[in-house]
Every structure is written in structure tokens, then in C-alpha cells.
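Grab your viewer and a pencil: here are some exercises to work through by hand. Try each task before you read its solution.

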Protein chains: 2
Amino acid sequence: MPRPTTPLLSQAGIRASALEIIDREGLDGLSMRKLAAALGVSAPALYFHYPTKEHLLDDVASEIMEKVDVTAFTHGWREGLLTWARSYRAALAEHPNIVPFLARGPGQRDASLRRADAIHGGLVAAGWPPREATMIGASTKYLVLGAAMGSFSRGFVDDVQVYLDRYPSLADAHRLREHADAVDRDSFEFALLMFVDGLAARLGRPPESGGASGPAPRRG
Amino acid sequence: MPRPTTPLLSQAGIRASALEIIDREGLDGLSMRKLAAALGVSAPALYFHYPTKEHLLDDVASEIMEKVDVTAFTHGWREGLLTWARSYRAALAEHPNIVPFLARGPGQRDASLRRADAIHGGLVAAGWPPREATMIGASTKYLVLGAAMGSFSRGFVDDVQVYLDRYPSLADAHRLREHADAVDRDSFEFALLMFVDGLAARLGRPPESGGASGPAPRRG
DNA sequence: TGGTCCAACTAACGGTGTTAAGTTAGCATG
DNA sequence: CATGCTAACTTAACACCGTTAGTTGGACCA
């Protein structure tokens with residue numbers, strides 16, 4: 001059966017099905033043949049709509065990133081930063097299995113550039129010098145990606161020991177795992193607040209030599 | 001030619017060659033056949049020394065992690081944390097291509113547990129309550145991994161715009177890429193210092209309700 | 001000297017992403 | 001209305017992947 005009366009595939013449909021498989025079976029669980037089967041189609045058919053698996057994954061990732069909120073800088077840099085970071089993390093938390101793919105580097109130039117611009121612009125507008133705005137943006141990204149990677153990415157608790165102080169009564173591992181997510185969420189929030197506190201302190205402090213270098217911003 | 005007079009392979013040799021390929025051609029550039037060829041041997045021969053590619057990579061990653069310094073907590077939590085974070089990042093920076101593999105989760109339980117224990121113990125000994133020590137450890141790891149992921153992990157500058165403020169004279173991309181590493185290094189250092197500053201401030205502050213929750217530590 | 005085991009070999013299996021070539025529905029044009 | 005072009009699928013096949021099975025022959029021990 002060649003060309004069907006009504007098209008069987010669409011980019012959106014392919015993306016949705018791919019993400020479903022990734023969510024269910026992990027990043028390695030997605031193969032072009034399996035994806036095609038899920039869509040009731042043969043594998044090469046996909047290549048009519050996406051030139052490559054990489055492109056498809058880029059698109060899936062971009063779709064996820066659409067939910068990141070970079071608009072709150074109108075309420076001040078602190079609010080803007082917190083909103084951005086939290087929504088960023090939340091977006092990744094919804095689809096943890098895609099995080100390892102993000103480690104390969106960003107594909108979609110356009111959208112990510114637009115976001116970066118909004119963030120940078122927001123920080124500069126709030127009084128941070130451009131150079132520091134750059135570093136703040138990068139730092140926050142590090143935190144989100146690192147948290148996503150460290151916590152979601154794959155199955156087991158790594159630092160078992162580390163959690164024991166918090167739940168000393170739990171010796172059974174599955175309960176421990178169950179709470180590990182909460183620990184990660186708390187740790188991320190903790191890191192974010194400490195970082196922002198550090199920033200706030202820097203705002204009210206004259207530039208030190210030997211610090212992270214560069215002038216401190218005027219109070220915004 | 002079966003069993004040679006002197007063994008052609010050793011775990012250390014395999015690891016070294018694997019890491020060389022990864023450094024040169026990226027994580028995807030490493031295949032068992034290619035690795036075997038580089039060692040002058042057929043692919044299945046490797047399976048006599050390593051049960052699986054995953055195990056091999058785990059071992060390679062562990063070797064890299066050996067260089068991380070978690071001993072400086074004897075000079076105070078600040079010094080310990082900074083030394084740990086910087087040596088961690090430096091270790092990853094030497095072999096950026098392996099970072100995506102780390103996103104799959106830690107393999108070697110043993111060594112990583114020992115490290116986690118040293119860090120947690122160091123923080124607690126310095127006066128941080130266990131729960132906060134956990135979060136500090138996790139946070140720092142986030143920062144390092146996120147920085148490693150965001151910056152090294154493959155090929156092009158993502159947020160071109162973001163760097164322009166710093167090097168406004170550079171319109172050519174390769175020069176820009178060249179300096180991106182410096183920006184990343186600076187951003188990491190910046191993030192680390194802001195975070196530690198935030199921590200220090202917390203040490204001198206009474207516990208707030210509505211903060212990251214949990215009691216603040218006594219002054220150590 | 002004979003037996004066992006080690007450390008390599010070749011062949012092959014099932015899977016991967018992707019390309020090539022074939023087939024026909026739908027559409028535009030003479 | 002017939003013709004030709006392109007779109008959207010098909011099946012076959014390629015080169016590669018990680019890994020397993022089965023074979024071979026040198027090294028070591030009784």
C-alpha cells in the first residue's frame with residue numbers, strides 16, 4: 001500500500017509517539033523501528049518527515065522546552081530567575097528520560113537563542129552588568145541541568161549513604177528511593193536559594209579584587 | 001593465532017585505549033570493534049577482560065573520578081567544598097566527552113560511596129546538620145555536572161548571543177568558541193562562589209520559616 | 001607425556017540508523 | 001479526460017553495533 005488517501009503521519013504525531021516511548025521505556029528504548037510500529041507504519045516512512053533520528057529528538061526536546069517560563073523578569077531579577085529556574089526544572093522533571101539526550105548539546109538554535117536573550121536582557125534591565133548577566137544565566141542553567149542529570153537520570157539511588165541521615169528509620173531501599181525524589185527537589189531548591197542569596201549579597205557589596213572578577217552591579 | 005605467549009590485553013590497557021578514542025572521537029566514536037582494532041586484536045577478545053561495554057565505561061569513568069579531591073574538609077567546610085568542586089570539575093574538563101555517559105548514573109558504587117561519605121562527613125564535622133550537609137553535597141554535584149554538561153558536551157556554542165557582550169569585537173565564530181571555554185570556567189567559578197557565599201550567610205542567620213526548611217547549623 | 005585451561009580467533013545473531021528502489025494516490029496541466 | 005509529477009508509503013538491503021558460540025593452539029601442572 002503506497003501513498004494512502006489521507007496521510008498516516010505528521011511531525012506532531014511522530015513527536016508525541018516518540019516522547020511516549022521515551023517516557024515509558026527510556027531514551028535507549030526508542031528506536032526508529034519501534035516508533036514506526038507504534039504508529040502503524042514501516043520505519044523508513046519516518047524519514048519522509050524527519051531527516052534523522054537526531055533531528056526528531058531535537059524537536060522533541062524543543063517541544064519540552066517550550067514550557068519554560070522566561071517572562072517573570074518584569075517582576076525583578078530575583079523573581080525572574082527563580083521562575084525561570086523552577087519552570088525549567090519542572091519541564092525536565094516531567095520527562096526525565098530525555099535529559100541524557102540534552103547532554104549532547106542543544107539542537108534548536110532558534111528557540112534557545114530567544115530564551116537566552118530574554119534571560120540576559122531581563123538581568124541587564126534589572127541592573128546587572130552584561131558580563132555578570134551572562135554568568136548568572138550560565139550558572140542557573142548549570143544548576144538545573146545538573147539537578148536534572150543527578151536526580152532523574154536513571155534508576156537507582158547512587159549515594160545511599162547520603163540519604164540515611166534524613167530517613168534513618170528506613171533501611172529498605174525502595175522506600176528510600178521513593179523519598180530520593182523529594183530530597184532532590186529540596187536540594188535543588190536549596191541550591192537555587194543559596195545561589196540567589198549569594199547574588200543578592202553581591203549586589204550590596206563593593207567589587208572585591210580576587211573575587212569572581214568584574215565590577216559589581218549598581219543596586220537595581 | 002590462539003593464546004599468545006604474552007597476553008596482548010590488560011584491563012588497564014583497554015581502559016587507556018578506550019579513553020583515548022573517547023577523547024579523540026567522542027563517546028559515540030567508541031565501538032568495541034574499533035577499540036579492538038586499536039589494540040591490534042579482534043573484538044570478542046575484549047569480552048574476556050570486560051563482561052560488557054557498560055562495565056568498561058564504568059571503569060573508565062571511575063578512573064577519571066579518582067582524581068577528585070575530597071580531603072580538604074580538614075581545613076574547614078568552605079575550603080573542603082571549593083577543593084572538591086574544583087577538582088571534580090577539572091577532572092571532567094580533562095575528558096569532556098565522557099560526561100554524557102555520566103548522565104546515565106553512577107556505576108561504581110563503592111568508590112562513589114566512599115567519596116560521598118567523605119564529603120558528608122566533612123560537612124557534618126564542620127558543623128552542618130546532616131540534612132543540610134546532604135543538600136549541600138547534592139547541590140555542589142549539580143553545579144559541577146551541570147557545568148560539565150552545559151559547556152563541554154559537544155561541539156558548538158549554543159548561546160552565541162550570550163557571549164557577545166563579553167567579546168563584542170568578535171564576530172567570527174571560531175574565535176568565539178575558543179573563548180567560550182573561558183566563559184564557562186568563569187561562570188562555574190562564579191556560581192560556586194555565589195553558592196558558598198549564600199551558605200556562609202545562612203550560617204550566620206537564624207532559621208527562617210519559609211526558607212529551604214530545616215534548622216540552620218550552629219556556627220562551625 | 002597428557003590434560004586442562006587460558007586467551008586469543010572466526011562466524012554469526014539480532015538489533016540499529018539509514019538508503020535505494022518500487023508502487024500508487026492525489027494533483028496540476030495540456 | 002489523459003498525462004505526468006510529486007507525495008507518502010512499501011519492502012530489501014547496507015553497514016555497523018554489542019554480544020555469544022564454537023574453535024584453536026600455546027602454557028602450565030600432574
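The exercises below go from whole-chain numbers down to single residues in this predicted model.

**Exercise 1. Work out the overall make-up of chain A: how many helices and strands are there, and what share of its residues is buried?**

Step 1: count the elements. Chain A has nine helices and zero strands, so read from the N terminus the string is simply α-α-α-α-α-α-α-α-α.

Step 2: check burial. With the cut-off at under 20% relative accessible area, 51% of the 220 residues of chain A come out as buried.

Step 3: look at the surface. Chain A exposes about 10400 Å², and carbon and sulfur atoms supply 55% of that area.

Step 4: look at the contacts. Take those in chain A between residues at least 6 apart in sequence: 61% of them join residues at least 24 apart.

**Exercise 2. Decide where in chain A confidence is lowest and where it is highest.**

Step 1: start with the average. Chain A has a mean pLDDT of 83, with 76% of its residues at 70 or more.

Step 2: go helix by helix. Helix H8 (residues 160–164) of chain A sits at the bottom with a mean of 49, while helix H2 (residues 32–38) of chain A is at the top with 98.

Step 3: check the weak stretches. Residues 153–159 of chain A have pLDDT below 50, and the model gives this stretch 22 contacts beyond near neighbours in sequence. Residues 166–173 of chain A also stay under 50, with 10 contacts beyond four places in sequence.

Step 4: draw the lesson. Where pLDDT is low, don't read the predicted coordinates in detail.

**Exercise 3. UniProt has a "DNA-binding region" in chain A; find which residues it covers and describe the chain there.**

Step 1: locate the feature. The UniProt entry, which is unreviewed, puts it at residues 31–50 of chain A.

Step 2: describe the backbone. Over residues 31–50 of chain A, 35% is helix and 0% is strand, and the end C-alpha atoms lie 14 Å apart.

**Exercise 4. Test the length of helix H1 (residues 11–25) of chain A against 1.5 Å a residue, then find what its buried residues pack against.**

Step 1: get the expected span. The rule is 1.5 Å times one less than the number of residues, so the 15 residues of H1(A) should span 21 Å.

Step 2: compare. The end C-alpha atoms of H1(A) are 21 Å apart, which agrees.

Step 3: list the buried residues. They are A:Ile14, A:Arg15, A:Ser17, A:Ala18, A:Leu19, A:Ile21 and A:Ile22, and they pack against H2 and helix H3 (53–65) of chain A.

Step 4: look just past the helix. A:Gly26 has a positive phi of about 85 degrees.

Step 5: repeat the length check on helix H3 (residues 53–65) of chain B. Its 13 residues should span 18 Å, and the end C-alpha atoms are indeed 18 Å apart. Buried residues of H3(B) include B:Leu56, B:Leu57 and B:Ile64.

**Exercise 5. Classify the pair B:Trp77 and B:Trp128: what are the distance of the centres and the angle of the planes?**

Step 1: see how many candidates there are. Searching the whole structure turns up four aromatic pairs over all chains.

Step 2: classify this one. The ring centres of B:Trp77 and B:Trp128 are 5.4 Å apart and the planes are at 90 degrees; over 60 counts as edge-to-face, so that's the label.

Step 3: place the partners. B:Trp77 is in helix H4 (residues 77–94) of chain B, and B:Trp128 is in the loop between helix H6 (109–125) and helix H7 (130–152), so the pair links distant parts of the chain, 51 residues apart.

Step 4: check exposure. B:Trp77 is buried at 8% relative accessible area, and B:Trp128 is buried at 2%.

**Exercise 6. Is A:Val144 buried or exposed, and which residues does it touch?**

Step 1: place the residue. A:Val144 belongs to helix H7 (residues 130–152) of chain A.

Step 2: read the accessibility. A relative accessible area of 0% makes A:Val144 buried.

Step 3: list the partners. Leaving aside neighbours within four places in sequence, A:Val144 is in contact with A:Ala85, A:Tyr88, A:Arg89, A:Leu92 and A:Phe188.

Step 4: add a distance. A:Val144 and A:Ala191 are 47 residues apart in sequence, with 9.8 Å from C-alpha to C-alpha.

Key
Residues numbered from 1 in each chain as written. Chains lettered and ligands numbered in written order. Predicted model: local features only at pLDDT ≥ 70, side-chain atom pairs only at ≥ 80, totals over all residues. Heavy atoms only, no water. UniProt positions renumbered as here; feature names shortened; annotations may be inferred. Helix = DSSP H or I, 4+ residues; strand = E, 2+ residues; numbered from the N terminus. Phe/Tyr/Trp six-rings, centres within 6.5 Å; stacked < 30°, edge-to-face > 60°. Buried < 20%, exposed > 50% of the residue type's maximum accessible area, 1.4 Å probe, protein only. Contact = heavy atoms within 4.5 Å. Areas by Shrake-Rupley, 256 points an atom, 1.4 Å probe, with all protein chains shown as cover. pLDDT = per-residue confidence, 0-100.
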